[in-house]
Structure formats: C-alpha cells, structure tokens
Amino acid sequence: MDNKLLISLTEKYKAPLYVYDAEKIVSQYKRFENAFNQVKSLKINYATKALSNISILKLLKSLGSNIDCVSIQEIHLGLKAGFNPKQISFTPSGVSLEEIESAVALGVKINIDNLEILKQFGTKHPKVPVCIRINPHIMAGGNKKISVGHTKSKFGISKYFIAQVKEIEKETGMLINGVHMHTGSGILDVNVFLQGAEILFKIAKEFENLDFIDFGGGFKVAYKENDPATNIEEFGKIMSKRFNEFSKDYGKELSIVFEPGKFLVSESGNFLAKVNVVKKSNETVFAGIDSGFNHLIRPMYYGSYHHIVNISNALAKENKYTVVGYICENDTFAEDRMISTIRQGDILCFKNAGAYAFTMASNYNSRFRPAEVMLYQGKDYLIRERETMEDILNKQIEVNIDL
Ligand SMILES: *Cc1c(COP(=O)(O)O)cnc(C)c1O
C-alpha cells in the first residue's frame, strides 16, 4: 500500500492505527475460489476469529463467503453482519453443552470435538445433524504453539475413537452429516495437508450420511520477502482432483469446505505506530513506539515475524534497531532489525497485520485499543473508533470501602 496514503491516514485518524486493504481481501478470496473451480460444491467458511470487525464480515458476505465461529459471541456478530444462520458454522473447542445448544437454537451448524458432549447432545437432540471434528494426529503448522492436530493437541476427537463415534450415532439415533479437521496455522507443505486429508477420507467412508467434508484452514501467506507460502493454485488442483475421486467413490456429490482465516485477511492489514523515542543503549539502538503487545501480540506470543517499514523515511540508509513497545514487560516487536533510519515521530508500518492482530488486542496497562480503517478503491472508511476513557471505565463499578 502507498506509504503517502498510509501516512495521511495517521494524520486523519491518528496512530496507532489498523488499516485494511479491502481489495486484497477480495483478491485473496477470488484466488481461493478459483483454485477450486473444478469441484461442484465449494464452501468457504471464513474463520471469523482472524479479523472480526463487522464491516470486514459484511465485505466477506458480499463476496459469497460463509463464516466459521468459535464462540457464541462470534455467531451473534455474524448474524448482526447479515449472515443467514445456515451460512454459519460453529467449531468451538471445549465449550459447554449449553453454549452448543444456544448456537443450535439460532439455527447454526455445529461441530463437536469430543465424545462426551457428542453423546449428551445426541441423546437430547437426536434430530439435529452434527459434524465431528477429528484429530488426525499429524504434525502440521509453523510451530507447536499454532499446530493443533498433533498427538497431544486438545483439539478434536482422536482418529482412534471412530468406533465410539459410530456407537454413539447408533445408540442416540443422531445424524453425523460431516467430518472436519483443522490441523493448525501456517501449513506450507501440500503433502502434509494431503496426508491429513487421506486420514479424513478414510474416516468419512465410515459414515453413510455425509453432506460435506471440512478441511479447516491453516494456509500460509508470506510474512517477508521470499518467505514460502501455500501455493493455493497447486493445492486446489491436486486436492480438487482427489476430492472428486473420493466423492465418486462415496457415491454422492459432497461439498468441500475450507475455513481460511489468515489466507484471506493477513496481507490486507497494516498496523501503523508512531516512534516515541530512539534510544541508544550500549550496542543496541531501541526504537520505542506508541504501542505494545496490547495492540499486536503475535511477535511476543508466537515469536512471529512482522515486516516493519519506516514509511516516514523509507528511502533512507538502513540501520539496526530493536523495536519495542511501551508496556512494562518484555515487549519486543523485532530485535536487531535492519530498518531505514528511524527518527522520533516517524511512523512504522507493521505488515501482515490483518489476521490475529486487532482481534487479539487488549486493554492491558489501561491503554485504548486502536481505531480500524478499511480502504476500498482509494476511499477510506473508519470501521472502528479509537477507544476512550469511557471504554476503559465501562462496566467498572466504583465501590468505596470506608476504612
Ligand atoms: C482458527 C481456525 C481456523 C483458521 O485458521 P487460519 O490459520 O487462520 O487459516 C479455521 N478453523 C478453525 C476451527 C479454527 O479454529
């Protein structure tokens, strides 16, 4: 995105600021859709938790997307954004039976990820179709913190428990209408994905009344130059062929479902923060910005790389900086990173700030969460106001204890 435009937005809306390029979301969505143009029925269930601003959800809705939600609150957001309950699936992890029942009452499709709740749910609601989330026990994803399909992962019903699922289905008279897996974020290797897919196909064969198979999300995008990313076109081609074969073998035209989050929104996002101070300390030069892990926690929590551009001085000579936040804890965005000369007041732009960025922001240190802006065809739309002291005090109750 154009640096001048981004700087002008920090003048208009102040920093720190999240800016999303709607056109990038549109093009990623179309790429995904095109990659699977050889299957009869493709459903894209955007993973809401990646970026859940209601205007972004509306944009995805107008593209024809469905959504996947992981909480009842995300479901309410989706309904508010105008999605039909039939376009919403609920894939929670370890939530209460009551929460699943509330989702069903809203007309949403559900995924269940453990035998205990499956049995309780099936006994009470044998008429409601259920999709089961399988743990295929494969190691996928960029690292253990974001891989959710490995042996010790809490997610899903173990692939070794299929006999028990079938027994529950028979006993309760419920209907299993889909099988699901989501093995983690940052999947790169098409072969690893296919390996998981084969496990799911094998399980799918055990159930006679499926309408769809859901392969989750986890597609990787480039976080820096030359960073490898999922080749969605190649993946789509191979996967579609295999899926069509399976469908034929199964004897029914099944839908293929995916739940991309990061793939659709990561690259659309730019996080803009102002430099408060440039401070030399022994060997290290610190650039202290007017933000911290309260606004973008991925570098600290996952060790994620976010490319940083000094958009106020992009053409200047590069020096080594450690970019840190203002939070009173370990709050390092980047260590000894080459960035063009940073001066007090410059605006730094963090790339790939669309997914798991704002949605993971907090009010730690009683700071305000930033504003969000969406750009479309050169026009900027404020889609969330910056918080104020009122938001910090909202819901707090003042109690005076007389001592
Ligand atoms: C988070 C999540 C996704 C999306 O993962 P990405 O890595 O963002 O594509 C998909 N499905 C489920 C069930 C999830 O929890």
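Let's start with the empty space inside this predicted model. Which residues line the largest cavity? Pro92, Gly94, Val95, Ile100, Asn111, Ile112, Asp113, Asn114 and Ile117 do the job. Sorted by character, that lining has 5 nonpolar, 3 polar and 1 charged residue. The volume of the largest cavity is about 40 Å³, and the structure holds 1 cavity of 30 Å³ or more. How do you find a hole like that? Rolling a probe the size of a water molecule over the atoms shows where empty space is left.

Now for the helices. Two packed helices are described by the angle between their axes and the distance between the axes. Here are three pairs to look up in the structure.

| Helix pair | Residues | Axis distance | Angle |
|---|---|---|---|
| α2 and α3 | 22-35 and 54-62 | within 11 Å | roughly 40° |
| α6 and α7 | 115-124 and 162-172 | 9 Å | about 15° |
| α8 and α9 | 190-204 and 232-250 | within 11 Å | roughly 15° |

Take α2 and α3, whose axes cross at roughly 40°. Angles under 35 degrees count as roughly parallel and 65 to 115 as roughly perpendicular, so this angle makes α2 oblique to α3. The crossing is right-handed. On the α2 side, Ala22, Ile25, Val26 and Tyr29 make the contact, and they meet Ile56, Leu59 and Leu60 in α3. What kinds of residue are these? The contact of α2 with α3 has 7 nonpolar residues, with no polar and no charged ones.

Next come α6 and α7, which pack at an angle of about 15°. That angle makes α6 roughly parallel to α7. This pair also has a handedness you can check by eye: the crossing of α6 and α7 is right-handed. From α6, the contact uses Leu115, Leu118, Lys119, Gly122 and Thr123, while α7 brings Gln164, Val165, Ile168, Glu171 and Thr172. It's a mixed bag: the contact of α6 with α7 divides into 4 nonpolar, 4 polar and 2 charged residues.

Then there's α8 with α9, where the axes cross at roughly 15°. That makes α8 roughly parallel to α9. Is the crossing of α8 and α9 left-handed or right-handed? It is right-handed. In α8, the residues making the contact are Val190, Phe193, Leu194, Ala197, Glu198, Phe201 and Ala204. Their partners in α9 are Glu234, Phe235, Ile238, Met239, Arg242, Phe243, Phe246 and Tyr250. By type, the contact of α8 with α9 has 12 nonpolar residues, no polar ones and 3 charged ones.

Finally, here are two spots where the backbone is worth a look. Which two residues does a cis peptide bond join? They are Ala15 and Pro16, and omega there is about -5°. To find Pro16, go to the loop between α1 (3-13) and β1 (17-21).

The other spot is Asp336, in strand β15 (residues 332-340). Phi of Asp336 is near 45°, which is a positive value in a residue other than glycine.

Terms used. Residues are numbered from 1 along each chain as its sequence is written. This is a predicted model: local features need pLDDT of at least 70, side-chain atom pairs count only at pLDDT 80 or more; totals for chains, interfaces and linings use all residues. Side-chain values use heavy atoms; hydrogens and water are left out. Axes are lines fitted to C-alpha atoms, for helices over the stretch in contact, and angles run from 0 to 180 degrees between N-to-C directions. Helices (H or I, at least four residues) and strands (E, at least two) are DSSP runs, numbered from the N terminus. Angles under 35 degrees count as roughly parallel, over 145 as roughly antiparallel, 65 to 115 as roughly perpendicular and the rest as oblique. A crossing is left-handed if the near helix is turned anticlockwise from the far one by less than a right angle, and right-handed if clockwise. Contact means heavy atoms within 4.5 Å. Ala, Val, Leu, Ile, Met, Phe, Trp, Tyr, Cys and Pro count as nonpolar, Asp, Glu, Lys and Arg as charged, and the others, Gly among them, as polar. On a 1 Å grid over the protein atoms alone, a cavity is a set of points where a 1.4 Å probe fits but cannot get out, and a pocket is an open set with protein on both sides within 12 Å along at least five of seven lines; lining residues have an atom within 4 Å of a point. Grid points are joined across faces, edges and corners, and a volume is the space filled by probe spheres set on the points.
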